[in-house]
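User: I would like a close look at one aromatic side chain and the parts of the fold around it. Please keep to what can be read from the coordinates.

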Amino acid sequence: MSETCTAKRSVATLDNRSLDLRRRIVRVLGAAGRGHVGASFSLVEILRVLFDDVMRCDSRDPKWPERDRLILSKGHGCAALYVLLAEKGFFPAEELGKFCKLDGILGGHPDRKVPGVECATGSLGHGLPIAVGMAVNARYEESDRRVFVVLGDGECNEGSVWEAAMSAGKHKLGNLVAMVDYNKQQSYGSTHEVLELEPFGDKWRSCGFHAVEVDGHDVAALRDVLCRPTLGAGKPLAILCHTVKGKGVSFVENNPAWHHKSKIKDEDVKRLLDALGDV
């Protein structure tokens, strides 16, 4: 796999686990009758690999000092995060049915009251700066814990992202991993139309990052990049994950109408689940 660019377009086929996670997301959003469908679907494999194969954490002790940190900076994709946190035992699965309801803990953006959530996010541009601070703190404490932050590509329009990136490069934060959900779609248009990011990898490299590009729906490729012991050593690592917004359902993929739904009806849920092969 080339480290410069292997996946300008996602070509990975979704396996049963990825499809099942998407079905669970649909049920979470359906219970609330609202939420971000496309942004949650494009995140699934990124978060799946982090939780299944990479991060050091303990759901029985969410505040364990030596845990790896994860910040979902693009907080509007939180349904994907909640499904995985529940699966790993951070909170009872019953909470998923209370998404965005007054008697539940799961809001439309992550909050620290949710076990496993490190900081409140969703006001875009703040996740990477917070992650830089956490990575500096880990170095100060001489800890080998790592800090992972997942950003949206539209979020990378924010100047605070690049100020933080320059700071991370300056301090050679080899314990920091920035993963960009590069689905090339924003709420009202394509990333290319709104504010072009290319040459995206070179921007990260110019800030002192080791930058690689990967198909963000290819579980094996993501696992390979994240589990290389020497990759990014002495430098922060940026992984540009080429994804498809709404991946897994043809009528949702790259469709701005599915960025956010304020009313998700029962028939929408059925249509989504049918497309995902619900049995």
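What is the relative accessibility of Phe 209, and does this residue count as buried or exposed?

Analyst: The model is a predicted one. In it, Phe 209 has a relative accessibility of 2%. Buried means under 20% relative accessible area, so Phe 209 counts as buried at its 2%.

The aromatic side chains come next. The count of aromatic pairs comes to seven. One of them joins Trp 204 and Phe 209, with 5.0 Å from centre to centre and 75 degrees between the planes. Planes over 60 degrees apart count as edge-to-face, so this pair falls in that class. Trp 204 is buried too, at a relative accessible area of 0%. Both residues belong to one aromatic cluster, whose other members are Trp 162, Tyr 182 and Phe 200. A cis peptide bond links Glu 198 to Pro 199, with omega about 0 degrees. Pro 199 sits in the loop that runs between helix H7 (191-194) and helix H8 (200-206).

The nonpolar cores give the wider setting. The largest of them has 59 residues, and Leu 50, Met 179 and Ile 239 have the most contacts inside it. Helix H4 (residues 78-87) supplies the largest share of this core, nine residues. A second, separate core has 29 residues, with Trp 204 among them, together with Met 134, Val 147 and Ala 178. As a general point, nonpolar side chains in soluble globular proteins tend to be buried together. In the largest core, Leu 50 touches Met 179 and, elsewhere in the chain, Met 55, Leu 70, Phe 148, Val 150 and Leu 226, leaving aside neighbours within four places in sequence.

H4 is largely enclosed by the rest of the structure, because nine of its 10 residues are buried. The buried ones are Cys 78, Ala 79, Ala 80, Leu 81, Tyr 82, Val 83, Leu 84, Leu 85 and Ala 86. They pack against helix H1 (16-32), helix H2 (38-41), helix H3 (44-54) and strand E1. Just after H4, Gly 89 has a positive phi of about 90 degrees.

Now the sheet. Five strands make an open sheet in the order E1-E2-E3-E7-E6, and the pairing is parallel. Its edges are E1 (69-72) and E6 (210-215), each of which pairs on one side only. On average, neighbouring strands of the sheet are turned by 20 degrees against each other, with direction ignored. E6 pairs with E7 (residues 237-242) in the parallel sense through six bridges, and Glu 213 stands opposite Leu 240 in E7. Two helices pack on this sheet. Helix H5 (residues 127-140) touches E1, E2 (147-152) and E3 (176-182), and its direction makes about 170 degrees with that of E2. Helix H9 (residues 219-226) touches E2, E3, E6 and E7, at about 165 degrees to the direction of E6.

At the other edge, E1 and E2 pair in the parallel sense over four bridges, and Ile 71 stands opposite Val 149 in E2. The side chains of E1 alternate: Arg 69 and Ile 71 point one way, Leu 70 and Leu 72 the other way, and all are buried. Leu 70 is also one of the contacts of Leu 50.

Some details lie in loops. Lys 184 has a positive phi of about 65 degrees, although this residue is not a glycine. Lys 184 is placed in the loop between E3 and strand E4 (185-186), and its relative accessible area of 26% makes it partly exposed. Asn 254 is likewise not a glycine, and its phi is positive at about 55 degrees. Asn 254 is in the loop between E7 and helix H10 (266-275) and is partly exposed at 40% relative accessibility.

Two charged side chains sit over aromatic rings. Lys 261 lies over the face of Trp 258, at 4.6 Å from the ring centre. The charged end of Arg 271 is placed over the ring of Phe 251, 3.7 Å from its centre.

To return to the question: Phe 209 is buried at 2% relative accessibility, and its edge-to-face partner is Trp 204, which is buried as well.

Technical notes: Residues numbered from 1 in each chain as written. Predicted model: local features only at pLDDT ≥ 70, side-chain atom pairs only at ≥ 80, totals over all residues. Heavy atoms only, no water. Core = buried A, V, L, I, M, F, W, Y, C linked by side-chain atoms within 4.5 Å. Buried < 20%, exposed > 50% of the residue type's maximum accessible area, 1.4 Å probe, protein only. Contact = heavy atoms within 4.5 Å. Phe/Tyr/Trp six-rings, centres within 6.5 Å; stacked < 30°, edge-to-face > 60°. Lys NZ or Arg CZ within 6 Å of the ring centre and 35° of its normal. Pairing = 2+ DSSP bridges. Axes fitted to C-alpha atoms, helices over the stretch in contact; angles between N-to-C directions.
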